[in-house]
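User: I would like to learn how to read features of a structure, from surface patches to salt bridges. Could you take me through them one at a time?

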Amino acid sequence: VSTSMATPLAAPLFSPLALSSARNRRSYPKIRFQSNNGSPLESNGHQKLNLSKCSKLNGQRSKFLQMGSREMTFGRNSQFKPRMVQGQGTHQRSLVTFSSSLLLCTLGVGGSALVGVTWIILAADQFLKQAFIAASIKFPSALFGMFCIFSVLMILDSVVPAAANGMMSFFEPAFLFIQRWLPLFYVPSLVVLPLSVRDIPAASGLKICYIVAGGWLASLCVAGFTAIAVRKMVNTEMTEAEPMAKPSPFSALELWSWSGIFVASFVGALFYPNSLGTSARTCLPFLLSSTVLGYIVGTGLPSAIKKVFHPIICCALSALLAALAFGYASGSGLDPVLGNYLTKVASDPGAGDILMGFLGSVILTFAFSMFKQRKLVKRHAAEIFTSVIVSTLFSLYSTALVGRLVGLEPSLTVSILPRCITVALALSIVSLFEGTNSSLTAAVVVVTGLIGANFVQVVLDKLRLNDPIARGIATASSAHGLGTAALSAKEPEALPFCAIAYALTGIFGSLLCSVPAVRQSLLAVVG
């Protein structure tokens with residue numbers, strides 16, 4: 001067999017992986033493969049296609065056959081070499097995450113200082129992940145890290161205030177960098193949505209859409225009117241919030257730099273499909289650059305267009321069009337390219353894996369935003385905490401109840417429970433349950449945010465929720481980061497409350513679902 005990588009044309013041939021060696025000796029069924037250069041290859045028993053070794057991996061086949069588009073790599077002796085499953089390859093995962101930060105930061109808004117600070121945050125996130133995995137702790141590691149950072153800042157502020165301010169100033173470039181690219185980290189779930197929903201029946205899909213749209217409106221109302229009711233009870237006057245720095249706009253240099261990377265890497269991947277070792281690594285540069293380009297272009301659109309065509313939609317469409325073009329030009333089709341976009345394999349990551357690798361860092365930076373607005377949180381603690389707690393409880397349990405009432409499959413209902421919680425923590429929450437679809441979870445969270453981003457101001461006006469505190473809390477509690485960005489762009493006075501509620505909703509939802517009794521009660525409601 002050729003040394004080039006080969007992809008089976010008929011994956012079902014490998015579904016009964018437990019074939020005995022004796023059977024292999026008695027019969028030599030021909031198996032046909034297609035190499036990356038298009039030449040057909042055939043193998044039989046005489047060519048030492050050792051399928052018996054595959055039986056040892058029978059329990060893990062769902063990992064390396066994930067999404068139905070991953071490759072099976074064969075060496076010179078045609079022995080099966082499965083990819084490393086998730087949880088292995090700690091060094092590779094860290095290396096990829098750090099290299100992605102270098103790539104994005106270099107073409108971002110800062111220099112070596114920004115790269116170094118971002119590297120520290122990413123390193124801390126990776127260290128905590130591995131420590132929690134080694135200790136078999138199911139609590140979200142990034143959330144623990146956020147509490148640690150916030151605690152350190154509060155202690156320093158009470159003992160040596162200058163040290164706390166210095167720490168804030170030191171990490172501010174990385175915080176602004178993550179805020180600048182934040183919507184980009186949500187995109188991978190939308191890009192691979194065609195693969196995620198393929199096995200979901202159309203009727204179930206309609207039920208999910210109904211729950212997402214209706215649930216967003218209900219959560220908005222609950223959070224908003226709860227905030228108004230509590231404000232009338234405590235009657236606390238608003239004070240000026242700490243000013244929040246805004247990330248710099250994208251430059252023409254960034255646009256042309258990413259355009260050049262896209263063109264060069266697309267052509268290179270087309271003519272040299274294995275130039276970086278695997279198809280996922282080879283496709284990574286042009287898929288990543290197409291995603292970034294879509295986001296840069298989307299943010300530069302006129303405001304009237306962005307109301308309907310959100311930058312994150314432009315971003316996802318850009319990546320999908322690039323994948324479609326490459327699939328057509330290479331003859332591989334769309335599905336394998338989308339499989340290479342989000343592999344979920346630590347040793348062979350795609351563009352989506354690198355982008356989602358920043359989600360833990362997003363949670364860590366919550367500590368800085370909460371610390372900066374600590375005086376505001378203390379002054380309006382009653383409104384903020386009451387609204388967030390009530391809204392989060394309502395969101396989780398109403399989703400479980402409505403899913404049961406409309407007859408949605410329990411596994412799908414559980415997958416969409418954290419629909420109003422930011423992606424990074426929503427994925428951590430569903431990982432506490434068994435049999436969930438994490439790709440569906442991420443997609444539902446992003447869609448919820450898009451609904452909020454497009455309609456939140458109109459709905460708030462119709463409901464006559466004019467108080468900035470209520471508007472900010474209602475928006476963030478129902479549509480997390482995307483809704484926050486949309487509202488704060490036109491109502492800066494609501495931004496501090498959006499930022500606080502955005503973080504606290506995810507924190508409280510994660511803490512709540514970490515309690516076994518709460519998870520059991522949710523499952524009981526789901527049925």
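Analyst: Let us begin with a residue at the surface, bearing in mind that this is a predicted model. Val267 counts as partly exposed because its relative accessibility is 40%, and this residue is found in helix α10 (residues 252-271).

User: Which residues form a nonpolar patch on the surface with Val267?

Analyst: The patch is made of Val263, Val267, Phe271 and Tyr272, which together have about 450 Å² of accessible area.

User: How should I read the environment of a serine, and is Ser478 buried or exposed?

Analyst: One reads the accessibility and then the partners of the side chain. Ser478, placed in helix α23 (residues 468-490), has a relative accessible area of 0% and is therefore buried, the cut-off being under 20%. Its side chain makes a polar contact of 3.4 Å with the side chain of Trp216, and the side chain of Ser478 also reaches the backbone oxygen of Thr475 at 3.3 Å. Not counting residues up to four places away in sequence, Ser478 touches Trp216, Ser219, Leu220, Cys420 and Thr448.

User: Which backbone oxygen does the side chain of Ser318 reach?

Analyst: Ser318, which lies in helix α13 (residues 311-330), reaches the backbone oxygen of Ser290 with its side chain at 2.6 Å.

User: How many salt bridges does a search of the whole structure find, and how do I read where the partners lie?

Analyst: The search finds eight salt bridges, and for each pair one asks about the separation in sequence and the exposure of both partners. Asp125 and Lys129, whose closest N and O atoms are 3.5 Å apart, both lie in helix α4 (residues 112-134), four residues apart, about one turn of the helix. Asp125 is buried at 0% relative accessibility, whereas Lys129 is partly exposed at 26%.

User: What does the salt bridge between Arg374 and Asp157 tie together?

Analyst: In this salt bridge the closest N and O atoms are 3.4 Å apart. Arg374 lies in helix α18 (residues 374-379) and Asp157 in helix α5 (residues 141-159), so the pair ties together parts that are 217 residues apart in sequence.

User: Where do Arg180 and Glu254 lie?

Analyst: The side chains of Arg180 and Glu254 meet in a salt bridge of 2.9 Å, N to O. The pair links distant parts of the chain, with Arg180 in helix α6 (residues 161-181) and Glu254 in helix α10, 74 residues apart. Arg180 counts as buried at 4% relative accessibility, and Glu254 is buried with a relative accessible area of 5%.

Notes
Residues numbered from 1 in each chain as written. Predicted model: local features only at pLDDT ≥ 70, side-chain atom pairs only at ≥ 80, totals over all residues. Heavy atoms only, no water. Patch = residues over 30% accessible without salt bridge, like charges linked within 9 Å, V, L, I, M, F, W, Y side chains within 5 Å. Areas by Shrake-Rupley, 256 points an atom, 1.4 Å probe, with all protein chains shown as cover. Salt bridge = Lys/Arg side-chain N within 4 Å of Asp/Glu carboxyl O. Helix = DSSP H or I, 4+ residues; strand = E, 2+ residues; numbered from the N terminus. Buried < 20%, exposed > 50% of the residue type's maximum accessible area, 1.4 Å probe, protein only. Polar contact = N/O pair within 3.5 Å; in protein donor to acceptor, adjacent residues only side chain to side chain. Contact = heavy atoms within 4.5 Å.
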